[in-house]
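Biologist: Before I accept the labels attached to a model, I would like to hear the reasoning behind them. Could we take them in turn, with the structure in front of us?

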Amino acid sequence: MHQEFHIRTLPAPLGACFAKQSFETVILYRFKSYDYQFIAENTDLMYVEHEDDNSWISHCLLVMGESSDDGILVESEGADYARYSAYQAGAKSYVREQICKVANEILYHEFGKQVNESWVVEWDSIKEEFGITIDKTNGIGEMLMEELEKRNEVAEIIATEDGIEMTFQILQEEEDSFMNGMEMNL
C-alpha cells in the first residue's frame with residue numbers, strides 16, 4: 001500500500017531542513033537571483049513531471065529553518081538559486097504530523113525487516129513507500145529519528161548511511177506475561 005506524503009495540496013518530496021541563517025536568507029531574498037550552495041547540492045530533487053498536456057507535478061525542495069514553523073517550496077530548474085518559490089505557512093508543523101504518521105507505520109505495521117536483534121528500515125524504502133526524500137543528514141531524516149527516539153517502544157536507534165537500525169523495548173506487560181509462562185512451564 002503506497003502512502004502519499006503531501007505538503008498542503010502540492011505534491012512535494014521533502015528534501016532538506018536548514019539552519020536558521022540559511023532559511024532567513026532565502027526568505028529575505030527569495031525572489032532575487034542569488035546562488036545558494038544548498039540549492040546547488042539538491043538540484044536533482046527539483047524537476048517537473050508532466051502527467052499530460054494540461055497537468056504536471058513540480059517536485060520541489062522544502063526549505064525549513066530550525067527556529068521557524070514556516071517553509072518555502074523551491075524549484076530551481078537546475079539553477080543554483082530559487083527560480084520559483086512559494087511560502088508555506090506552518091510547513092514544519094504539517095511535516096511533523098506526517099513524520100509522526102511515518103513513525104507509526106514503521107513501528108506498528110512492520111515496515112522494514114528484522115536483521116539479527118535489530119529492526120532495519122532503509123532510507124530508499126521510506127522514500128519509495130511514503131514519497132519522502134530522506135537520508136541521514138537532510139533534516140527530514142533527523143526529524144524522523146527524533147520522533148522515533150521519543151517513542152517508548154524504541155530502546156535504541158541508530159542512523160546509518162543506508163537507513164535506520166532500531167532495537168525495541170520489551171514492554172513490562174509482555175515481559176511479565178513471558179515470565180509467568182516460563183514459571184508455569186517449570
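Modeller: Let us begin with a pair of strands, keeping in mind that this is a predicted model. Strand 10 (residues 118–122) and strand 12 (residues 163–168) run antiparallel to one another and are joined over four bridges.

Biologist: What makes strand 10 and strand 12 a pair?

Modeller: Two strands count as paired when DSSP finds at least two bridges between them, and strand 10 and strand 12 have four bridges, so the term applies. Within this pairing, glutamate 122 stands opposite glycine 163, and valine 120 stands opposite glutamate 165.

Biologist: How do you know that strand 9 and strand 10 pair, and over how many bridges?

Modeller: The two are linked in the antiparallel sense over three bridges, and the cut-off is at least two, so they qualify as well. One of the positions involved is glutamine 114, whose bridge partner in strand 10 is tryptophan 119. Strand 9 and strand 10 form a hairpin with two residues between them, and asparagine 116 in that turn has a positive phi of about 55°.

Biologist: What joins strand 11 to strand 12, and over how many bridges?

Modeller: Here the antiparallel pairing extends over five bridges, against a required minimum of two, so this too is a pair. Alanine 159 stands opposite isoleucine 164 of strand 12, and the two strands form a hairpin with three residues between them.

Biologist: Which order do the four strands take, and is the sheet open or closed?

Modeller: The order is 9-10-12-11, with antiparallel pairing, and the sheet is open. Strand 9 (113–115) and strand 11 (154–159) are the edge strands because each has a single partner strand, which leaves one side of each without a neighbour in the sheet. From one strand to the next the twist averages 30°.

Biologist: Why is strand 10 described as largely enclosed?

Modeller: Four of the five residues of strand 10 are buried, so the rest of the structure largely encloses this strand. Serine 118 lies in strand 10, and its relative accessibility of 18% falls under the 20% limit, so serine 118 is called buried. Leaving out residues up to four places away in sequence, serine 118 touches Lys113, Glu165, Met166 and Thr167.

Biologist: Which helices lie against these strands?

Modeller: Helix 3 (residues 91–108) lies across strand 10, strand 11 and strand 12, and runs at about 55° to strand 12. Helix 4 (residues 123–130) also packs on the sheet, where it touches strand 10, strand 11 and strand 12, and its direction makes about 60° with that of strand 10.

Biologist: How do you know that the length of helix 3 agrees with what its residues should span?

Modeller: At 1.5 Å a residue, the 18 residues of helix 3 should span 26 Å, and since the C-alpha atoms at its ends are 26 Å apart, the two values agree. Just after helix 3, glutamate 110 takes a positive phi of about 50°. The buried residues of helix 3 include Tyr94, Val95, Ile99, Val102 and Ile106.

Biologist: Why is cysteine 60 called buried, and why is cysteine 100 called partly exposed?

Modeller: Cysteine 60 has a relative accessible area of 11%, which is under 20%, so it is classed as buried. Cysteine 100 has a relative accessible area of 27%, which lies between the 20% and 50% limits, so it is classed as partly exposed.

Biologist: Where is cysteine 100 found, and what is it in contact with?

Modeller: Cysteine 100 is found in helix 3, and, leaving aside its neighbours within four places in sequence, it is in contact with Glu147 and Arg151. Cysteine 100 and methionine 143 are 43 residues apart in sequence, while their C-alpha atoms are 9.4 Å apart in space.

Biologist: How many disulfides does the structure hold?

Modeller: The structure holds zero disulfides; the term would require a pair of cysteine sulfur atoms within 2.5 Å.

Biologist: And what can be said of the chain as a whole?

Modeller: The chain contains six helices and 12 strands, and buried residues make up 40% of its 186 residues. Among contacts between residues at least 6 apart in sequence, 57% join residues at least 24 apart. The accessible surface of the chain comes to about 11,300 Å², and 47% of that belongs to carbon and sulfur atoms.

Terms used
Residues are numbered from 1 along each chain as its sequence is written. This is a predicted model: local features need pLDDT of at least 70, side-chain atom pairs count only at pLDDT 80 or more; totals for chains, interfaces and linings use all residues. Side-chain values use heavy atoms; hydrogens and water are left out. Axes are lines fitted to C-alpha atoms, for helices over the stretch in contact, and angles run from 0 to 180 degrees between N-to-C directions. Contact means heavy atoms within 4.5 Å. The expected span of a helix is 1.5 Å times one less than its number of residues. Buried means under 20% relative accessible area, exposed over 50%, partly exposed in between (1.4 Å probe, protein chains only). Accessible areas come from the Shrake-Rupley method with a 1.4 Å probe; for residues, only the protein chains shown count as cover.
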